[in-house]
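Reader: I would like to go through the reasoning behind some of the labels attached to this model, taking each value together with its cut-off.

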Amino acid sequence: MSHGIVTPGATFAERSRAALADPELQGALTNLHRRLDTARAVAETSPELKDRASSIRREVLADLDGWLDRLAASLERVGAVVHRASTPEEARSVVVALARERGVSTVVKSKSMATEEIDLADALERADIETIETDLGEYIVQVADERPSHMITPAIHKTLDTIAEVLTTRADGPLPTDREALAAWTHDHLRPAFLRAEMGISGVNFAAADTGTITIVTNEGNGRLCTSWPRTHVAVMPVEKVIPRLVDLATLLPLLTRSATGQAMSNYLSMITGPRRDDEMDGPDELHVVFLDNNRRALVGTAYEDMLACIRCGACLNVCPVYRRVSGHAYGAVYSGPMGKVLTPLLSQGAEGRELPHASSLCGACTEACPVEIPLADLLVRLRADLREPGVLRPAPIATGGSSSPESTGHRLPGEGFATRAAAAPLVPQGAHRKVGLSFAHLSFAHLSFAHLAFATWSRVWASPGGYRATSALGRLTKGRWARRLPGLTGWTRTRDLPLPAARSFRERWAERTNDPETRSW
Amino acid sequence: MSDMSPEPGLDPNRRRPDGPTVALFVTCVVDQIAPDVGVAAVRLLEAAGCRVEFPTAQTCCGQPAANAGEPEAAGRLARHMIDVFAPYDAVVAPSGSCAAMVHHSYDRLISGPDRVRAEELSAKTFELCQYLVDELGCTDVGARLDATVTFHDACHGLRNLGIGDAPRRLLTAAGVTLVDLADSETCCGFGGTFSLEYGDLAAALADDKLAHASATGAEFLASGDSACVAHLEGRRRRTGSGPEPIHVAELLARGLPAPVSPTP
């Protein structure tokens, strides 16, 4: 990632501390909360839509390769060219080659997390191709040489004052700290870029396999210009964006916009079926669609498959207490918030974001908010286990057919809507018992962290009542005091007093009550 | 049940002869850090007519290990839990989080033949307030309190158990003035190992919670999990701001009539 991750620090702990201490960011949080709360309030109103959308997304995952083949055939039928890229490198090469072959000197981009994921703008700039982000928030972030801090509202971490300062660096004189004026300036400033660009690059919100129609939602109309004015349109599409039928948009689009911004529908909706035909006035001469895998297809059939149902609405970010306190840059990755904590280690197969699954209080607000019922909190817990062993993360396929079904649970709770693979899969990694056993037997601790040994030992002691009682005798020394500082637990005591075991445990008091008639009445 | 409680308070020594027998799963946190909450839970259950048993072999549900990504260790403790509580018809815990651990995670922690036993334990395990109100239909346990209270919905009870208004109904029936807490469903920042690994962030979330609680003017910030209460109190002892965090059972039990000594 060559873009600067603006929040300093090598770990999430350091970056989140820096974020908490950053007056600019904390000043922007009020605005952020207001914006996010609006989205949240509207997102909560449509359980039936959620059910239908979740079913559609699982239908895709049940046969992802099949739907991709059907989509590719439809795209080719309508005159688009399909490119399949396994890695970010391949995807970048495809796009840079397309631009070079056509002698492109300027590219306009609409906002797309997929192009962030593959660092496309940087690759184009390195190839001496001017690349301009045209979404207002994304443009601000590009000028500031940062990453988006939120996948829907990229510059939400910035105050209006800072935005004016940032944009002023591209203006002839100081710009006013006025929302409308800044938007108008950017509109006028970017217009010539649209006119001179020979290539427009977009992401894809959904791609319908039956008609080969790719759909893009925006609020500024920049997406429509990017995809219709330049002669060549390149759409970068993560493979899971495929949907079976065009009619599924009737379910998925309102769900996406409600969950993302609280809008019943976005201001602009572009449905693109192939390049301009001979009898049409508008549209590009060529349409290229780049299918981006980047380790996604390997997740199908594993306990992490549900993550591919994600529609990038940002609802989990909007409700996450951690995200709301530190904003997106603290995550040090393209995708932030709860979905980013799951997706980052999965897409990189453990090369990036290994600590991110731990940076959660597991409150479950994300699971509850997710419009396509991804059990995000459960996936975080599962990743914590699967990331213990150093090295490449390669989740193994698992069998379906767990006993839990929505009907059998009585009342439905978040994350319990579907008998998903995640719900059915045992939490103990395959072969883990054997591995741990061997390691103990041979005293081969190389792959075992201190935490693993500590929990293994602790659980053995506490799985016996005698062992538990022995450790709980500590209370006689600590007598229920509060510690202001405790070596080994400074992570806690740096910010809070720590309660120590009480002089008499509950079980001791229960025993006294049972044995002594005087204390029978509590 | 509530209409059977004589006003103004129920004699805690009066037992309904047909009251159910429940096994108290006190949880390791309450056992060692907050034993008063365990005593309160027993008093409330008895006030509601239950016969309470305490299986002394119980230890910990395994949640610290499960959430740390150590499912083998968690499974070891889960199997012990299942053995200990197998003989009972109902298991009640003064913790939404520990009850939710049994409910939400045991079927994935335990595979093989024990899985059925895990599901049996899930089906009969309840959080205290949920058990009193939703299972027994007892909203008024006979507690009477003159206090202004605001309530924080601790996460796992709220989202994994679906605890709704049970704690609030108990508090209201006890006569407290209940004031709404802004963002009452937002995490307080405890989160187990999270609060050790990311202490600053955990404290920032506690500050938000305590600030919202302060704004209500309440004397008490009640909640259903002792770990969350301890985290909030630990922060409050540093900053000096916010009402007193307290476990809802402990608060309610303060309003029960004083115990009558057994006749010699």
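Reader: At what angle do H20(A) and helix H4 of chain B pack, and how far apart are their axes?

Author: In this predicted model, H20(A) and helix H4 (residues 71–85) of chain B pack at an angle of about 5°, and their axes are 9 Å apart.

Reader: Why are H20(A) and H4(B) called roughly parallel to each other?

Author: Angles under 35 degrees count as roughly parallel, and the angle here is about 5°, so H20(A) and H4(B) are roughly parallel to each other. On the side of H20(A) the contact is made by A:Phe455, A:Ala456, A:Trp458, A:Ser459, A:Arg460 and A:Trp462, and on the side of H4(B) by B:Glu72, B:Ala73, B:Arg76 and B:Leu77. These residues divide into six nonpolar, one polar and three charged.

Reader: How many residues do the two chains bring into contact with each other, and which helix of chain A gives the most?

Author: In chain A 67 residues are in contact with 65 residues of chain B; helix H20 (residues 450–462) gives the most to the side of chain A that touches chain B, with eight residues. That side of chain A divides into 38 nonpolar, 16 polar and 13 charged residues.

Reader: What makes A:Leu356 count as buried rather than exposed?

Author: A residue is buried if 20 or more other C-beta atoms lie within 10 Å of its own, and A:Leu356 has 24 within that distance, so A:Leu356 is buried. A:Leu356 is found in the loop between helix H15 (337–347) and helix H16 (365–369) of chain A. Leaving aside residues up to four places away in sequence, A:Leu356 touches A:Phe12, A:Tyr331, A:Lys341, A:Thr344 and A:Pro345.

Key
Residues numbered from 1 in each chain as written. Chains lettered and ligands numbered in written order. Predicted model: local features only at pLDDT ≥ 70, side-chain atom pairs only at ≥ 80, totals over all residues. Contact = placed C-beta atoms within 7 Å. Helix = DSSP H or I, 4+ residues; strand = E, 2+ residues; numbered from the N terminus. Nonpolar A, V, L, I, M, F, W, Y, C, P; charged D, E, K, R; others polar. Axes fitted to C-alpha atoms, helices over the stretch in contact; angles between N-to-C directions. Parallel < 35°, antiparallel > 145°, perpendicular 65-115°, else oblique. Buried ≥ 20, exposed ≤ 12 C-beta atoms within 10 Å, placed from the backbone.
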